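The following note sets out some points on secondary-structure packing for your consideration. Please read them alongside the coordinates.

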Amino acid sequence: MDYVNICLGFFFICFLVRGLFISLRRSKRVAPGPFPLPIIGNLHLLGDKPHISLAQVAKKHGPIMNLKLGQITVVISSSILAKQVLQKQDLAFSNRFVPDTLRACNHSGLSVVWLPVNNSQWRTLRKVMNSHIFSGNKLGANEHLRTKKIQDLIDYCHYCSKVGEAVDMGRASFRTSLNLISNTIFSKDLTDPFSDSVGKPNFVDYFPLLKMIDPQGIRWRLTEYFTKVLHLISGLIDERIKERKMGNRANVDVLDALLNISTDEIDRNHIEHLCLNPLTLEKAQKELEQIIGRGKLIDEADVAKLPYLRCIVKETFRIHPQVRFLIQRKTEEDIDFCGYTIPKDSQVLVNIWAIGRDSSLWEDPLDFKPERFWESEIDFRGRDFELIPFGAGRRICLGLPLAIRMVPVALGSLLNTFNWKLHGGIAPKDLDTEESFGITLAKTQPLLAIPIPVQLLG
Ligand code: HEM
């Protein structure tokens, strides 16, 4: 009899514990979201421009929504919730999902972009890059390299103007930024701005992350290219180590500085953008003419004196966050978040494209109006969550200090040296601004523009 009572008691306790677990599970509120279909979940909603599709789905389900895209994915589409993810609960959302292609060549295990924040290598790499590449002192010391690259870009535009060719703006600014970065690190150009490399593989073709923003880039197999790029980088490093052993170098560039510390791979990214709004152009050119003098290149110190140019750069980043339009993070454990539970191993996407076009934050969000920043303190350094093209928090873009020096100088110099017309007599309002989807955004049709040197205007 006792034996029966003990068994009954045991089952009763098990029943109670199970009930407790079920009610605990039910108390976890999952964010709203579209109903997932069997097997494919919500994948059918993505389309070829996920940032746009997700912004549309968010209009129905709200600024935090739950989707099933292979794994549980939580999409954040408001600046308030972005602040919560990237600042207030930053630590809980600090890691990223690593794509299998990157795991395959162990890129993820070496790169600051993918390493988890609790990994000491991530902290060391960020520290090394911050102090040896992107510190104010280091960037100030190699400004001459960037000036030289801007001069190369201007020379290239002069060359196009002379032979009557249009400039593919995306490609030209892409190469310039790549060379700016490669000169900063390797003291070497990795592409020749005068060579037409379409169809011919060159260094750019081996940088998948960069290639995705290359407007004429075709889709290709990531793993293969990553293997090639690692091979190339390691070739460059080997070459440098040999030079150093033969005593052929003083420590002159970042690669040398890094070799003094470690031989970890440097990750990089890039910029590309230009706007062709005639009124904006005219205003910017007037400002440049008054402050710098028409026809001259501008330098980094000039930017502080060019408020309208700075507004154009902000507006460009707002409406067209070129490099990453969905910030991707991951949860390592169940997280309580604004009344919901975000389960462990969820992918968290912050849609910075949608935030930049949110009509509750921006008046006429689809219009390109740099003036909106004229009297506004809003900036893109990760403090104002309405404008976070570089992300925010402990994983904020490492290249930000370089990008904010390069972009206005390149743009200002192009505007101050040339007048621009769209190729084929296209009016700016008819410009095809369609974007293609990759890890980054690229224009489906290249932006072809005719440079008219200012000196030639009577
Ligand atoms: C216009 C130019 C650029 C934009 C808009 C941009 C944007 C971004 C964004 C949105 C992130 C993700 C931040 C987050 O998760 O919160 C990021 C990360 C990163 N960016 Fe950039 N980036 C730019 C240029 C650069 C450049 C020039 C470099 C380096 C040469 C660079 C290096 C990095 C690195 C290393 C990370 C990963 C940091 C980490 O996870 O710890 N970026 N960038």
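**Helix and sheet packing**

1. Helix 7, spanning residues 143-163, lies across strand 3, strand 8 and strand 11, and runs at about 90 degrees to strand 11. The model is a predicted one, and the points below should be read accordingly.

2. The strands covered by helix 7 deserve a description of their own. Strands 3, 11 and 8 form an open sheet of three strands in the order 3-11-8, with antiparallel pairing. Strand 3 (167-168) and strand 8 (418-422) are the edge strands, each of them pairing on one side only.

3. Strand 8 and strand 11 (residues 448-453) run antiparallel and are joined by five bridges. Within this pairing, Lys421 has Ile450 in strand 11 as its bridge partner.

4. A second arrangement concerns two helices. Helix 13 (residues 307-319) packs against helix 15 (residues 400-417) at an angle of about 115 degrees, and their axes are 10 Å apart. Helix 13 is therefore roughly perpendicular to helix 15, a class that takes in angles from 65 to 115 degrees. The crossing of the two helices, helix 13 and helix 15, is right-handed.

5. Which residues of helix 13 and helix 15 meet? On the side of helix 13 they are Leu309, Arg310, Ile312 and Val313, and on the side of helix 15 they are Val407, Pro408, Leu411 and Gly412. By character, the residues of this contact between helix 13 and helix 15 comprise six nonpolar, one polar and one charged.

Technical notes: Residues numbered from 1 in each chain as written. Predicted model: local features only at pLDDT ≥ 70, side-chain atom pairs only at ≥ 80, totals over all residues. Axes fitted to C-alpha atoms, helices over the stretch in contact; angles between N-to-C directions. Helix = DSSP H or I, 4+ residues; strand = E, 2+ residues; numbered from the N terminus. Parallel < 35°, antiparallel > 145°, perpendicular 65-115°, else oblique. Left-handed = near helix turned anticlockwise from the far one by under 90°. Contact = placed C-beta atoms within 7 Å. Nonpolar A, V, L, I, M, F, W, Y, C, P; charged D, E, K, R; others polar. Pairing = 2+ DSSP bridges.
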